[in-house]
Amino acid sequence: MIKNIIFDLSEVIISGFHKTEEIIEKNTNIKAEEFLAKRREVEDIFLEAMKGKYTEDEYIETLIKNTNWNVKKEIIKKSIRQNLDTKIEGTMKVIEKLKEKYNLILVSDHIQEWAEHILSTNKELEIFKSKYFSYEYGMLKEDEGTFKYILEKEKILPSETIFIDDNITNVQMANRVGIQGIIFENAKQLEKQLKEMDIIL
């Protein structure tokens, strides 16, 4: 019997860093593909920043370094937040239907400053009993240890838990510790799959 539902945040409830390059192109003289290429080049710093080892400023400084971009750091930060303020249509309506019947948990890979912005501008996220951000415990969802950590902290059983994420790798990591997973595509598909798993909506 399912008692706990763990939700990813980025690209499930709100937009994350994904597609920020499109907003960057609108707000600056930097082409989307150029920004994306630089992002990929310093991906290792981004991953470490989400584990709490670098600040947002340090990450953005790394992005700008050795480029000919004539752009202020604050413009990049503003563009990122603009993307973070975009909600994924319909997901919160599904979550609202679950709140009285299940233990709802949020888990997200995020740089600290981004997570703080999201929480301050999305009061509806208070619906989650617990929230876990990667920068707090130094692991990402692609690490099996993240799910072991959450199960231990929450004192819940994997067999009584579902995990919802748009990233198949993260879902596979949850599967490894015995948590059932749903790969998120959109709110309509999510609701259909939850019903197929006998989740009461």
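1. Start with helix H6, residues 91-98, which lies across strands E1 (4-8) and E2. Against E1, helix H6 runs at about 165°. Keep in mind throughout that this is a predicted model.

2. Now the sheet that those two strands belong to. It is open, built from 5 strands in the order E3-E2-E1-E4-E5, with parallel pairing. The edge positions go to E3 (130-133) and E5 (180-183); each has a single partner strand, so one side of each is left without a neighbour in the sheet. On average, neighbouring strands are turned by 20° against each other, direction ignored.

3. On the E3 side, strand E2 covers residues 103-108 and pairs with E3 in the parallel sense over 4 bridges. If you want to check the register by eye, Ile-105 has Ser-130 in E3 as its bridge partner. To get from E2 to E3 the chain goes through helix H7 (residues 112-121), and this β-α-β crossover is right-handed. Further along the pair, Ser-108 stands opposite Phe-133 in E3.

4. What happens on the E5 side, where E4 and E5 pair? Strand E4, residues 161-165, is joined to E5 over 4 bridges, in the parallel sense. Here a handy marker is Ile-162, whose bridge partner in E5 is Gln-180. The chain crosses from E4 to E5 by way of helix H10, and this β-α-β crossover is right-handed.

5. Next, the largest pocket, which has a volume of about 690 Å³. A total of 27 residues line the largest pocket, and those nearest its centre are His-18, Arg-39, Phe-46, Met-50 and Asn-167. Three helices give two or more residues to the lining: H2 (32-41), H3 (43-50) and H10 (168-176). So H10 comes up twice in this note: as the helix of the E4-to-E5 crossover and as a contributor to the pocket lining.

6. Which helix gives the largest share of that lining? That is H3, with 4 residues. As for the make-up of the lining, 12 residues are charged, 8 are polar and 7 are nonpolar. When you look at the pocket in the viewer, His-18, Arg-39, Phe-46, Met-50 and Asn-167 are good places to begin, as they lie nearest the centre.

Conventions: Residues numbered from 1 in each chain as written. Predicted model: local features only at pLDDT ≥ 70, side-chain atom pairs only at ≥ 80, totals over all residues. Heavy atoms only, no water. Pairing = 2+ DSSP bridges. Axes fitted to C-alpha atoms, helices over the stretch in contact; angles between N-to-C directions. Contact = heavy atoms within 4.5 Å. 1 Å grid on protein atoms, 1.4 Å probe; cavity = no way out; pocket = protein on both sides within 12 Å on 5 of 7 lines; lining within 4 Å. Points joined across faces, edges and corners; volume = space filled by probe spheres on them. Nonpolar A, V, L, I, M, F, W, Y, C, P; charged D, E, K, R; others polar. Right-handed = clockwise from strand over helix to strand, strands pointing away.
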